[in-house]
Amino acid sequence: MKKTNIGTRAIWAGEKDSLAFGATQVPVVHSVSFGYDDMDDWYEVAVGNKEGHIYGRNTNPTVQAFEEKIRILEDAEAATSFSTGMAAISNTLGTLLFPGDRIVSIKDTYGGTNKIFTEFLPQQHIEVELCDTGDHEAIEKEVMKGCKVLYLETPTNPTVKITDIERVAKVAKKVGAIVVVDNTFATPVNQNPLALGADLVIHSATKFLGGHADALGGALVGSKELVEKVYHYREINGATLDPMAAYLLLRGMKTLKLRIDRQNENALAIARHLKTIDIVDDVFYPGLEEHKGHDIAKTQMKGFGGMLSFSVKGGMDTVRHLLPKLNYSNRAANLGAVETIVGPARTTSHVECTPEERAAMGIPEGLIRYSAGIEDIEDLKEDLNQAFQSLPESLTVKG
Ligand SMILES: *Cc1c(COP(=O)(O)O)cnc(C)c1O
């Protein structure tokens with residue numbers, strides 16, 4: 001079959017083998033086990049010689065449709081899924097890294113990932129080297145010293161820094177390192193790390209893939225060989241995606257292209273609008289020409305994503321007044337939903353870090369993370385305007 005465009009794939013891909021009874025929509029199969037009358041058939045499926053399902057911790061038809069859809073969206077050989085994005089990350093690292101191994105990554109990874117790097121991996125005698133995000137020379141130098149895994153996230157949370165995947169993946173190949181990229185912020189609509197040289201791509205499906213903030217999930221795509229290893233680790237350790245969550249994520253993914261196109265547009269318009277507001281200090285969005293990673297983002301991304309962040313004069317004092325005034329934003333820890341979501345980075349993505357750790361990562365205490373929803377842009381701008389106008393004079397004058 002001719003390969004279709006991503007919007008069409010988001011709707012149709014991966015579902016056929018999980019349909020039943022002539023249903024046009026993938027059914028939610030809640031059964032934890034799958035029965036067999038033929039003992040030989042059962043055995044053949046159990047040992048993997050024949051397609052089929054045995055037990056819900058391993059595989060499930062609804063979950064399989066989710067895995068197939070993300071596999072096809074990322075144009076990968078294989079995919080597997082997890083109960084959360086963090087489970088995707090911890091199970092992948094747990095599969096690949098052993099005591100004495102070395103991993104190179106960046107300082108600006110997602111807060112939970114950063115905790116794995118700074119707390120859990122060192123406990124297992126795994127050496128972790130975290131480079132300044134965006135410092136390609138430093139990353140290359142550390143990779144060339146030898147490492148088992150190069151772990152990237154681009155754009156990063158919350159200051160949306162960009163790493164040139166193709167450039168550092170080339171260096172990783174020289175030392176035989178496995179390149180893992182967290183593609184949560186970009187989604188397969190905006191960026192395909194496998195095409196840029198990555199070996200494995202991770203998603204927190206909880207965010208843009210699902211898009212409706214009503215289901216947790218994670219995904220991993222890449223070569224059959226690597227994905228099967230991680231699948232085996234996951235099936236035994238048990239961080240399985242729930243069938244109901246898989247269904248909700250599947251339904252959300254049907255509108256992925258529509259949503260991401262709109263979120264790309266809205267985020268860029270909001271970033272440009274914030275630049276015109278006096279009390280706004282700094283705006284971070286890779287779609288702005290002055291953003292440090294703009295040129296790289298322009299070549300490796302098809303769109304700049306729905307995430308931006310900005311800092312305001314007066315720090316947390318201003319944030320405390322400003323955010324509660326917004327009528328069309330949830331003040332919450334998640335991102336990537338159809339509704340606009342705002343929150344201070346110190347309370348959301350980087351709550352696990354100390355103020356010193358945040359400062360070291362270049363995250364001001366008053367940094368606001370803004371996840372653009374799919375609302376009408378005029379309303380979002382208007383909402384920000386009225387919130388800024390409502391600030392007490394003491395704050396605006398101080399600015
Ligand atoms: C949210 C997030 C995760 C973790 O995903 P959960 O589904 O919350 O476990 C990992 N990476 C990034 C970039 C995220 O935004």
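**Notebook: the loop before helix 7, Lys 207 and Arg 259**

**Entry 1, Val 160.** I started at Val 160, which sits in the loop between strand 4 and helix 7. Helices here are DSSP runs of H or I with at least four residues, strands are runs of E with at least two, and both are numbered from the N terminus. I note at once that this is a predicted model, in which local features need pLDDT of at least 70, side-chain atom pairs count only at pLDDT 80 or more, and totals for chains, interfaces and linings use all residues. Residues are numbered from 1 along each chain as its sequence is written, and side-chain values use heavy atoms, with hydrogens and water left out.

I looked up the backbone of Val 160 and found phi near 45°, a positive value in a residue that is not glycine. Val 160 counts as buried because its relative accessibility is 1%. For the cut-offs, buried means under 20% relative accessible area, exposed means over 50%, and partly exposed is in between, with a 1.4 Å probe and protein chains only.

**Entry 2, the rest of that loop.** I then checked the peptide bonds. Thr 154 and Pro 155 are joined by a cis bond with omega about -5°. Asn 157 to Pro 158 is also a cis peptide bond, with omega near 0°. Pro 155 belongs to the loop between strand 4 and helix 7, and Pro 158 is in that loop too.

Thr 163 is in the loop between strand 4 (149–153) and helix 7 (165–174). Is Thr 163 buried or exposed? I have it at 0% relative accessibility, so Thr 163 counts as buried. I listed its contacts, leaving aside neighbours within four places in sequence; a contact means heavy atoms within 4.5 Å. Among them are Thr 133, Gly 134, His 136 and Ile 139. The list also includes Thr 154, the residue on the other side of the cis bond to Pro 155. Ile 296 and Gln 300 are in contact with Thr 163 as well.

**Entry 3, Thr 187.** I went on to a second positive phi. Thr 187 has phi of about 65° although it is not a glycine. I place Thr 187 in helix 8. Thr 187 counts as buried because its relative accessibility is 1%.

**Entry 4, Gly 197.** Gly 197 lies in the loop between helix 8 (187–190) and strand 6. At 21% relative accessibility, Gly 197 counts as partly exposed. I took the C-alpha to C-alpha distance to Arg 167 as 8.8 Å, with the two positions 30 residues apart in sequence. Apart from residues up to four places away in sequence, Gly 197 touches Ala 169, Lys 173 and Val 179.

**Entry 5, Lys 207.** Which residue does UniProt list for N6-(pyridoxal phosphate)lysine? The record, an unreviewed entry, gives Lys 207 as this modified residue. I keep in mind that UniProt positions are in the numbering used here, feature names are shortened, and annotations may be inferred rather than shown by experiment.

In the model I find Lys 207 in the loop between strand 6 (200–204) and strand 7 (218–222). Lys 207 counts as buried because its relative accessibility is 11%. Not counting neighbours within four places in sequence, Lys 207 is in contact with Tyr 110, Thr 184, Leu 335 and Gly 336.

**Entry 6, Arg 259.** I followed Gly 336 onward, since it is also on the contact list of Arg 259. Arg 259 is in helix 11 (residues 256–275). With 3% relative accessibility, Arg 259 counts as buried. Beyond residues up to four places away in sequence, Arg 259 touches Phe 208, Leu 209, Gly 210, Gly 211 and His 212, among others. Val 338 is another of its contacts; I noted 7.3 Å between the C-alpha atoms of Arg 259 and Val 338, which are 79 residues apart in sequence.

**Entry 7, the whole protein.** I closed with overall values. The secondary structure comes to 16 helices and 12 strands. Of the 399 residues, 54% count as buried. Among contacts between residues at least 6 apart in sequence, 74% join residues at least 24 apart. Along its principal axes, the C-alpha trace spans about 80 × 50 × 35 Å.
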